[in-house]
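The following exercises concern confidence and salt bridges. Please attempt each task before reading its solution.

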Amino acid sequence: MILFAMKVNKFIDIFLNQNGYVKVLEGLKNTIIIAVLGLAIGIVIGTLIATVRVVPKYKTLPKVLNGICSFYVGLFRGTPIVVQLLVFYYVLLPLVGAHMTGVQVSILIFGLNSGAYVSEIMRGGIQSVDPGQMEGGRSVGLSFATTMMKIVIPQAVKNILPTLGNEFIALIKETSVVSFVGAADLYVAFNYIGSNSYEFMVPYLVMAIIYIVLVLFISLGIRIMERSLKKSDRRN
(Lines give C-alpha, C1' and ligand atoms only; values in the text may rest on other atoms or scores of the structure.)
Protein backbone atom coordinates (compact mmCIF):
# COMPACT_ATOMS: atom_id res chain seq x y z
CA MET A 1 0.00 0.00 0.00
CA ILE A 2 2.84 2.37 0.83
CA LEU A 3 4.43 1.70 -2.56
CA PHE A 4 1.11 2.34 -4.32
CA ALA A 5 0.64 5.58 -2.33
CA MET A 6 4.08 6.73 -3.50
CA LYS A 7 3.10 6.00 -7.10
CA VAL A 8 -0.12 7.99 -6.66
CA ASN A 9 1.81 10.92 -5.19
CA LYS A 10 4.16 10.93 -8.18
CA PHE A 11 1.18 10.95 -10.52
CA ILE A 12 -0.50 13.80 -8.65
CA ASP A 13 2.72 15.83 -8.66
CA ILE A 14 3.13 15.56 -12.45
CA PHE A 15 -0.63 15.98 -13.06
CA LEU A 16 -1.06 19.13 -10.95
CA ASN A 17 2.31 20.77 -10.44
CA GLN A 18 3.88 20.11 -13.83
CA ASN A 19 0.78 20.83 -15.96
CA GLY A 20 0.06 17.21 -16.77
CA TYR A 21 -3.64 18.03 -16.60
CA VAL A 22 -3.22 20.39 -19.57
CA LYS A 23 -2.04 17.52 -21.75
CA VAL A 24 -4.81 15.27 -20.42
CA LEU A 25 -7.48 17.86 -21.27
CA GLU A 26 -5.97 18.35 -24.73
CA GLY A 27 -5.86 14.58 -25.26
CA LEU A 28 -9.45 14.19 -24.07
CA LYS A 29 -10.58 17.00 -26.39
CA ASN A 30 -8.81 15.44 -29.39
CA THR A 31 -10.18 11.99 -28.57
CA ILE A 32 -13.76 13.27 -28.48
CA ILE A 33 -13.33 15.46 -31.58
CA ILE A 34 -11.85 12.62 -33.64
CA ALA A 35 -14.57 10.17 -32.57
CA VAL A 36 -17.51 12.57 -32.98
CA LEU A 37 -16.45 14.02 -36.34
CA GLY A 38 -15.33 10.59 -37.54
CA LEU A 39 -18.76 9.16 -36.76
CA ALA A 40 -20.51 12.14 -38.43
CA ILE A 41 -18.47 11.63 -41.61
CA GLY A 42 -19.07 7.90 -41.38
CA ILE A 43 -22.84 8.33 -41.12
CA VAL A 44 -22.93 10.55 -44.22
CA ILE A 45 -20.71 8.22 -46.26
CA GLY A 46 -22.39 5.10 -44.91
CA THR A 47 -25.88 6.39 -45.72
CA LEU A 48 -24.87 7.22 -49.29
CA ILE A 49 -23.23 3.83 -49.81
CA ALA A 50 -26.17 1.97 -48.26
CA THR A 51 -28.57 3.85 -50.53
CA VAL A 52 -26.51 2.94 -53.59
CA ARG A 53 -26.37 -0.72 -52.56
CA VAL A 54 -30.13 -1.06 -52.14
CA VAL A 55 -31.00 0.67 -55.42
CA PRO A 56 -32.36 -1.81 -58.00
CA LYS A 57 -29.53 -2.79 -60.38
CA TYR A 58 -31.48 -2.60 -63.64
CA LYS A 59 -29.17 -0.06 -65.29
CA THR A 60 -25.43 0.21 -65.82
CA LEU A 61 -24.78 3.19 -63.53
CA PRO A 62 -26.19 1.56 -60.37
CA LYS A 63 -24.13 -1.55 -61.11
CA VAL A 64 -20.93 0.47 -61.51
CA LEU A 65 -21.60 2.50 -58.36
CA ASN A 66 -22.38 -0.67 -56.44
CA GLY A 67 -19.05 -2.15 -57.54
CA ILE A 68 -17.17 0.96 -56.40
CA CYS A 69 -18.98 0.93 -53.06
CA SER A 70 -18.28 -2.77 -52.56
CA PHE A 71 -14.57 -2.18 -53.21
CA TYR A 72 -14.55 0.75 -50.77
CA VAL A 73 -16.23 -1.26 -48.02
CA GLY A 74 -13.93 -4.23 -48.59
CA LEU A 75 -10.84 -2.02 -48.51
CA PHE A 76 -11.60 -0.23 -45.26
CA ARG A 77 -13.05 -3.26 -43.48
CA GLY A 78 -10.20 -5.46 -44.63
CA THR A 79 -7.30 -3.41 -43.26
CA PRO A 80 -6.54 -2.32 -39.68
CA ILE A 81 -7.23 1.34 -38.97
CA VAL A 82 -3.65 1.89 -37.80
CA VAL A 83 -2.41 0.73 -41.23
CA GLN A 84 -4.82 3.14 -42.91
CA LEU A 85 -3.50 6.00 -40.75
CA LEU A 86 0.14 5.16 -41.49
CA VAL A 87 -0.37 4.72 -45.25
CA PHE A 88 -2.31 7.95 -45.57
CA TYR A 89 0.00 10.05 -43.37
CA TYR A 90 3.39 8.69 -44.41
CA VAL A 91 2.73 7.57 -48.01
CA LEU A 92 -0.20 9.33 -49.67
CA LEU A 93 0.26 12.81 -48.19
CA PRO A 94 3.96 13.06 -49.19
CA LEU A 95 3.13 11.72 -52.67
CA VAL A 96 0.60 14.48 -53.34
CA GLY A 97 2.63 17.10 -51.49
CA ALA A 98 -0.18 17.92 -49.08
CA HIS A 99 0.05 18.78 -45.40
CA MET A 100 -2.44 17.83 -42.71
CA THR A 101 -2.09 17.70 -38.94
CA GLY A 102 -2.27 14.39 -37.11
CA VAL A 103 -5.72 15.26 -35.77
CA GLN A 104 -7.03 16.18 -39.24
CA VAL A 105 -5.70 12.94 -40.72
CA SER A 106 -7.21 10.98 -37.85
CA ILE A 107 -10.64 12.59 -38.34
CA LEU A 108 -10.56 11.84 -42.08
CA ILE A 109 -9.40 8.23 -41.75
CA PHE A 110 -11.74 7.48 -38.86
CA GLY A 111 -14.58 8.94 -40.94
CA LEU A 112 -13.70 6.87 -44.01
CA ASN A 113 -13.26 3.74 -41.92
CA SER A 114 -16.49 4.31 -40.04
CA GLY A 115 -18.31 4.91 -43.32
CA ALA A 116 -17.53 1.35 -44.41
CA TYR A 117 -19.00 -0.12 -41.23
CA VAL A 118 -21.94 2.28 -41.00
CA SER A 119 -22.86 1.46 -44.62
CA GLU A 120 -23.45 -2.17 -43.68
CA ILE A 121 -25.30 -1.14 -40.51
CA MET A 122 -27.46 1.30 -42.47
CA ARG A 123 -28.09 -1.21 -45.26
CA GLY A 124 -29.41 -3.68 -42.70
CA GLY A 125 -31.57 -0.94 -41.19
CA ILE A 126 -33.00 0.05 -44.58
CA GLN A 127 -33.79 -3.55 -45.43
CA SER A 128 -35.56 -3.95 -42.07
CA VAL A 129 -38.07 -1.24 -43.01
CA ASP A 130 -41.33 -2.52 -44.48
CA PRO A 131 -41.03 -2.39 -48.31
CA GLY A 132 -44.53 -0.93 -48.31
CA GLN A 133 -43.04 2.33 -47.01
CA MET A 134 -41.07 2.78 -50.23
CA GLU A 135 -44.03 1.76 -52.34
CA GLY A 136 -46.28 4.19 -50.49
CA GLY A 137 -43.86 7.07 -51.02
CA ARG A 138 -43.49 6.33 -54.73
CA SER A 139 -47.25 5.97 -55.14
CA VAL A 140 -47.83 9.56 -54.00
CA GLY A 141 -45.32 10.91 -56.52
CA LEU A 142 -42.12 11.08 -54.48
CA SER A 143 -38.84 10.20 -56.19
CA PHE A 144 -36.73 7.26 -55.00
CA ALA A 145 -34.19 9.59 -53.36
CA THR A 146 -36.85 11.70 -51.61
CA THR A 147 -38.65 8.61 -50.34
CA MET A 148 -35.38 7.22 -49.00
CA MET A 149 -34.37 10.45 -47.23
CA LYS A 150 -37.78 11.41 -45.82
CA ILE A 151 -39.46 8.08 -45.13
CA VAL A 152 -37.18 5.03 -45.19
CA ILE A 153 -33.90 6.28 -43.69
CA PRO A 154 -35.49 7.99 -40.63
CA GLN A 155 -37.20 4.69 -39.79
CA ALA A 156 -33.97 2.78 -40.43
CA VAL A 157 -32.05 5.04 -38.04
CA LYS A 158 -34.50 4.14 -35.24
CA ASN A 159 -33.80 0.46 -35.85
CA ILE A 160 -30.00 0.79 -35.89
CA LEU A 161 -29.52 3.38 -33.13
CA PRO A 162 -28.03 0.87 -30.63
CA THR A 163 -25.62 -0.40 -33.29
CA LEU A 164 -24.58 3.15 -34.16
CA GLY A 165 -23.92 3.67 -30.46
CA ASN A 166 -21.63 0.64 -30.50
CA GLU A 167 -19.81 2.10 -33.51
CA PHE A 168 -19.28 5.37 -31.61
CA ILE A 169 -17.91 3.45 -28.62
CA ALA A 170 -15.56 1.54 -30.93
CA LEU A 171 -14.29 4.83 -32.41
CA ILE A 172 -13.65 6.26 -28.94
CA LYS A 173 -11.54 3.24 -28.03
CA GLU A 174 -9.74 3.11 -31.37
CA THR A 175 -8.51 6.70 -30.99
CA SER A 176 -5.73 5.22 -28.83
CA VAL A 177 -3.79 4.53 -32.08
CA VAL A 178 -3.76 8.10 -33.42
CA SER A 179 -0.44 8.77 -31.70
CA PHE A 180 1.13 6.88 -34.64
CA VAL A 181 0.53 9.98 -36.77
CA GLY A 182 1.46 12.53 -34.12
CA ALA A 183 -2.01 13.31 -32.76
CA ALA A 184 -2.11 14.06 -29.04
CA ASP A 185 -4.79 11.81 -27.57
CA LEU A 186 -5.35 10.40 -24.07
CA TYR A 187 -2.64 7.78 -24.56
CA VAL A 188 -0.06 10.44 -25.43
CA ALA A 189 -1.09 12.54 -22.43
CA PHE A 190 -0.79 9.75 -19.89
CA ASN A 191 2.34 8.39 -21.52
CA TYR A 192 3.85 11.86 -20.99
CA ILE A 193 2.95 11.73 -17.29
CA GLY A 194 4.36 8.21 -16.97
CA SER A 195 7.60 9.13 -18.75
CA ASN A 196 8.17 12.14 -16.47
CA SER A 197 7.40 10.25 -13.28
CA TYR A 198 9.09 7.00 -14.41
CA GLU A 199 5.92 5.30 -13.22
CA PHE A 200 3.26 4.06 -15.64
CA MET A 201 0.91 2.00 -13.47
CA VAL A 202 -1.21 4.84 -12.04
CA PRO A 203 -1.33 6.93 -15.27
CA TYR A 204 -2.51 3.93 -17.29
CA LEU A 205 -5.09 3.00 -14.62
CA VAL A 206 -6.47 6.56 -14.70
CA MET A 207 -6.52 6.47 -18.51
CA ALA A 208 -8.51 3.23 -18.43
CA ILE A 209 -10.99 4.77 -15.98
CA ILE A 210 -11.50 7.80 -18.25
CA TYR A 211 -12.23 5.52 -21.23
CA ILE A 212 -14.72 3.54 -19.12
CA VAL A 213 -16.47 6.75 -18.00
CA LEU A 214 -16.70 7.98 -21.62
CA VAL A 215 -18.24 4.68 -22.71
CA LEU A 216 -20.72 4.76 -19.82
CA PHE A 217 -21.83 8.28 -20.76
CA ILE A 218 -22.27 7.26 -24.40
CA SER A 219 -24.26 4.18 -23.39
CA LEU A 220 -26.48 6.33 -21.15
CA GLY A 221 -27.05 8.82 -23.97
CA ILE A 222 -28.03 6.02 -26.37
CA ARG A 223 -30.50 4.57 -23.85
CA ILE A 224 -32.09 8.00 -23.34
CA MET A 225 -32.44 8.47 -27.11
CA GLU A 226 -33.97 4.99 -27.46
CA ARG A 227 -36.56 5.74 -24.75
CA SER A 228 -37.39 9.05 -26.42
CA LEU A 229 -37.90 7.37 -29.79
CA LYS A 230 -40.08 4.64 -28.25
CA LYS A 231 -42.27 7.30 -26.62
CA SER A 232 -42.70 9.10 -29.95
CA ASP A 233 -43.64 5.80 -31.59
CA ARG A 234 -46.34 5.20 -28.96
CA ARG A 235 -47.74 8.71 -29.47
CA ASN A 236 -47.95 8.05 -33.19
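pLDDT is the predictor's confidence in each residue, on a scale from 0 to 100. The model is predicted, so local features require pLDDT of at least 70 and side-chain atom pairs count only at pLDDT 80 or more, while totals for chains, interfaces and linings use all residues. Residues are numbered from 1 along each chain as its sequence is written, and side-chain values use heavy atoms, with hydrogens and water left out.

**Exercise 1.** State the mean pLDDT of the chain and identify the elements with the lowest and highest mean values.

*Solution.* The chain has a mean pLDDT of 86, and 97% of its residues reach 70 or more. Helices are DSSP runs (H or I, at least four residues), numbered from the N terminus. Helix α1 (residues 2-17) has the lowest mean, 77, and helix α4 (residues 81-96) the highest, 93.

**Exercise 2.** Which residues do the salt bridges join into one network?

*Solution.* A salt bridge requires a side-chain nitrogen of Lys or Arg within 4 Å of a carboxyl oxygen of Asp or Glu. The structure holds three.

1. Arg53 pairs with Glu120 at 2.7 Å; Arg53 lies in helix α2 (residues 20-54) and Glu120 in helix α5 (residues 102-128), 67 residues apart.
2. Glu120 also meets Arg77 at 3.9 Å, and this pair connects helix α5 with helix α3 (residues 60-78) across 43 residues.
3. Glu120 and Arg123 form a salt bridge at 2.8 Å. They are separated by about one helical turn, because they stand three residues apart in helix α5.

Through shared partners, Arg53, Arg77, Glu120 and Arg123 thus form one network.

Key: Helices (H or I, at least four residues) and strands (E, at least two) are DSSP runs, numbered from the N terminus.
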